[in-house]
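Here is a friendly walk through one protein model, meant to be read with the structure open beside the text. Please rotate the view as you go.

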Amino acid sequence: MPPQSAELSRGVSQLSSAILTGPPDPGSSLEDELRALGFTVSTVRSPGELAEAVAAVPAGRRVALVDPRFVGHRHSLRLGLTDPRFATAAVPGALTAAPAGRRALASALAALAGDGADREAASGGLVAPPEADRTVDRLAVLLAEAGAEPHRPELGTLVAEVPVDEAARARAVERVAAVDDEAVRLRTAVKSRDGFTTTHLVSPYSRYVARWCARRGLTPNQVTTASLLTALIAAGCAATGERWGFVAAGVLLLASFVLDCADGQLARYALKYSTLGAWLDATFDRAKEYAFYAGLALGAARSDDDVWALALGAMILGTCRHIVDFAFNESHPPAPSGGGAANAISGRLDRIGWTVWARRMIVLPIGERWLLIAVLTALTTPRTTLVVLLVASTLAACYTTAGRLLRSLRGRGSAASAPEALAGLADNGPLAALAARPRLPLPVPAPALALLAVAVLLLTLPPTVGEGSWLAVLGAVGYALLAGRAAALPLDGRLDWLLPPLFRAGEYLTILLLAAHSEVNGALPAAFCLVAASAYHHYDTVYRLRGGAGAPPRWLVNATGGHEGRALVVTVAAALWAGGQGFTLALATLAGVLALLVLAESIRFWVSSQAPAVHDESGEPA
């Protein structure tokens, strides 16, 4: 391996042990490379010592086994031995087991010892010395046979191999020297699939920001927090209502996005993934975006322009768009070789290069969306910014939803796990659960019932029927009953993924329409806070499901009332205090209680040791 600059050990776990399965060649830098990656290094002299050496490593530590003849890049070892997301991982000549994979490794070592005893008996006591045997690679095979398949990272041009003779070793050393693993590491820190703005306008330099942070011992969580603080300052600048404030807000919002890209790139560059980082990454983007909308509304108010309804509408539309994507993907996960007309058309378009980027831009992912918001904020007014954003988001929502409907109708059936996931995303509270108890067979499909529920709710609101506020309460009760009946169905139909976005639209639009209709000072800002708290709860549910941890606990859903309970409470508040400050106070109180409940439980979950470290590497537009 060529000499490389010393790697900072800050942030690298010191609770990791590497065991060489034999003495390394004189002059080999393998031990130094492993120490640079944060491992304490020891050597065994015979296969019989290997199991004892592994057992001697404390159970809470990561352990790595490395063939002393290993030749390859340091980054190959880093990818194979230090990624915290996997219980076991391997590259040729090296494997690792985190504490969660230690039991499987012990079983593989026992099986290896049994194989060795059998070979020794068959050969009359003559066995090859450990340095002539691919002990580590054999252990990786035994792990896979035992059902603990090691993660095998994609190495690309990186080298990782165990030469069998000096000629092979010389060739491997030449291949190592021919590839700059630092350049590969920097390039692969960027997602392979992302939006046009992120890929071409930000990542070419944000990756260097990530490396700068890594060399100074900064963590992805610190960069994520810096991105949030930058966005909050941007929102504060927009709230000044001055032209300089709008210009500064646009610039700072772009700076926040650069940091937002850099935190994920830093996580991939340094392989620093964590449960807390998963939570921060999953929630801070929405907090930044919604805070900026609020800043625009506050800034517009200084010029006597009330755009709170537009800001709330932008938040609702964005959240519903995401729920469409999340629910569809839970119901129809991507197939390795998808069929259907939509997938066939998509595959043909992929062969025309420019259409790939055009389609990624049409869906208005976070890079394009923030660039649009930043430029319009700096050059125009908050009202213009929000109106253009709403129009663009509506077009994107129509495009993506139409594509999902086409795939659902033409594609295969829903996934086996879809009913449970969709039930969690539905967020049905105690009223809907009560309505679902009678097991009455209904010939109406779940999406039709959900659509009818939303129609009943929205058509009985005061903006539609004048001042019939108590009629809206009856509509909310009907909504709860129909929503419960819809969710009581098996939810295994091709279009059943529509339930969560329909319920989100029903709840959020009820809050928006009642607050706008009340024309009470402060009602729309309070409604904005309430929808933000509810949306946070729904995003938190999505990322728990993505990590395989299931939906939030039932007590939390019941305590927050579910989507139908919150809609009912808001309609009752509007009926009791229509046209008065009591309605604003009711919205603000509900927002505060909801935020306190969901944030407390979310923080408890994501910082607990049981929470999964989930990071989005799919490139799915956010």
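On the surface of this predicted model, a nonpolar patch is formed by Leu276, Leu599, Ile603 and Val607. Together these side chains offer about 300 Å² of accessible area. One member, Ile603, sits in helix α26, which spans residues 581-606. Is Ile603 buried or exposed? The answer lies in between: its relative accessibility is 38%, so Ile603 counts as partly exposed, given that the partly exposed class lies between 20% and 50%.

Let us turn to charged side chains. Side chains of opposite charge can pair when their charged atoms come close. Across the whole structure, a search finds 22 salt bridges. Three of them are set out below, each with its N to O distance.

| Salt bridge | Closest N and O atoms |
|---|---|
| Glu182 with Arg211 | 3.4 Å |
| Arg286 with Glu289 | 3.5 Å |
| Asp325 with Arg404 | 2.9 Å |

Asp325 and Arg404 link distant parts of the chain, with their positions 79 residues apart in the numbering. Asp325 belongs to helix α12 (residues 308-331), while Arg404 belongs to helix α16 (residues 382-410). Both Asp325 and Arg404 are buried.

The salt bridge between Glu182 and Arg211 also joins two helices. Glu182 lies in helix α7 (residues 181-187) and Arg211 in helix α8 (residues 196-215), so this pair ties together parts that are 29 residues apart in sequence. Which residues make up the network around this pair? Salt bridges with shared partners connect Glu182, Arg185, Arg211 and Arg215 into one network.

Arg286 and Glu289 tell a more local story, since both are found in helix α11 (residues 275-301). They are three residues apart, about one turn of the helix. Arg286 has 6% relative accessibility and therefore counts as buried. Glu289, at 5%, counts as buried as well, because the cut-off for buried is under 20% relative accessible area.

Finally, have a look at the start of the numbering. How do strands β1 and β2 run, parallel or antiparallel? Strand β1 (residues 16-20) and strand β2 (residues 40-43) are parallel, and four bridges join them. Among the bridge partners, Ser17 is matched with Thr40 in β2. Between the two strands the chain passes through helix α1 (residues 30-36), and this β-α-β crossover is right-handed.

How values were computed:
Residues numbered from 1 in each chain as written. Predicted model: local features only at pLDDT ≥ 70, side-chain atom pairs only at ≥ 80, totals over all residues. Heavy atoms only, no water. Pairing = 2+ DSSP bridges. Right-handed = clockwise from strand over helix to strand, strands pointing away. Patch = residues over 30% accessible without salt bridge, like charges linked within 9 Å, V, L, I, M, F, W, Y side chains within 5 Å. Areas by Shrake-Rupley, 256 points an atom, 1.4 Å probe, with all protein chains shown as cover. Salt bridge = Lys/Arg side-chain N within 4 Å of Asp/Glu carboxyl O. Buried < 20%, exposed > 50% of the residue type's maximum accessible area, 1.4 Å probe, protein only.
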